[in-house]
Every structure is written in structure tokens, then in C-alpha cells.
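Visitor: I have a model open and I'd like to learn how to read a few of its features. Can you walk me through them?

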Amino acid sequence: MSWPAVAIAGVVLLALTAVFDNVMIAVGLFSYDPESLSGVHLGNVPLEDFAYPVAAALMLPVLWVLLRGRERRRGHDADR
């Protein structure tokens, strides 16, 4: 797994989340209950809103590596 590629993808996902979620919240497409938030915001976007892109940037490449390793082992076992 290429950690620099994962980091670049993570930064891109965070930037896109910051931009588009700010716009969507500003125009009123959705809102959050203030009592369920930490209170930390980046523009209109609550800090909690960045959990999904961070999880996606980390978990999808890990899942890819795990599944690819499983396929390799399966192919190696078939050669025997």
C-alpha cells in the first residue's frame, strides 16, 4: 500500500468535504442538532462531519490490501 497516495486521497476528500458541505449547509439542504455536536466548526461544517472522509481514506485502502492478499493466497493454493 502506498501511504503517500492514501494521504493525498485523504487530503483531497477532506478538502472536498469542507467545500461542498459548507455550501450545502449554507443553502439549507441540511442542518445538525447543535446539542449533538462538539461545537467545533470549520466554517459551517461541524468537526464530526469529517469522520466519514477520514474513515474512507484509511479503511478502503486497507480493505483493498486485505482482499488482494486473500486472492493471492487463494491463487497460490490453486497452483498446488
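Guide: Happy to. Keep in mind that this is a predicted model. Let's begin with D49: setting aside neighbours within four places in sequence, D49 is in contact with T17, D21 and Y32.

Visitor: Where does D49 sit?

Guide: You'll find D49 in the loop between β2 (45–46) and α2.

Visitor: And is D49 buried or exposed?

Guide: The general idea is that buried means under 20% relative accessible area. D49 has 16%, so D49 counts as buried.

Visitor: What about Y32, one of the contacts of D49?

Guide: Y32 has a relative accessible area of 33%, so Y32 is partly exposed.

Visitor: How many aromatic pairs are there?

Guide: The count comes to one aromatic pair. F30 and Y32 form that pair, with 5.6 Å centre to centre and 90 degrees between the planes. Planes over 60 degrees apart count as edge-to-face, and the F30–Y32 pair is edge-to-face. As for F30, its relative accessibility is 27%, so F30 is partly exposed.

Visitor: Now the surface. Which residues make the nonpolar patch?

Guide: M1, W3, L14, V54, L58, M59, V62 and L66 make a nonpolar surface patch of about 750 Å².

Visitor: Which helix gives the largest share of the nonpolar patch?

Guide: α2 does, with five residues. Both α1 (3–26) and α2 (51–79) supply at least two residues each.

Visitor: Could you pick one patch residue to look at?

Guide: Try M59, which is found in helix α2. Exposed means over 50% relative accessible area; M59 is at 56%, so M59 counts as exposed.

Technical notes: Residues numbered from 1 in each chain as written. Predicted model: local features only at pLDDT ≥ 70, side-chain atom pairs only at ≥ 80, totals over all residues. Heavy atoms only, no water. Phe/Tyr/Trp six-rings, centres within 6.5 Å; stacked < 30°, edge-to-face > 60°. Buried < 20%, exposed > 50% of the residue type's maximum accessible area, 1.4 Å probe, protein only. Patch = residues over 30% accessible without salt bridge, like charges linked within 9 Å, V, L, I, M, F, W, Y side chains within 5 Å. Areas by Shrake-Rupley, 256 points an atom, 1.4 Å probe, with all protein chains shown as cover. Salt bridge = Lys/Arg side-chain N within 4 Å of Asp/Glu carboxyl O. Helix = DSSP H or I, 4+ residues; strand = E, 2+ residues; numbered from the N terminus. Contact = heavy atoms within 4.5 Å.
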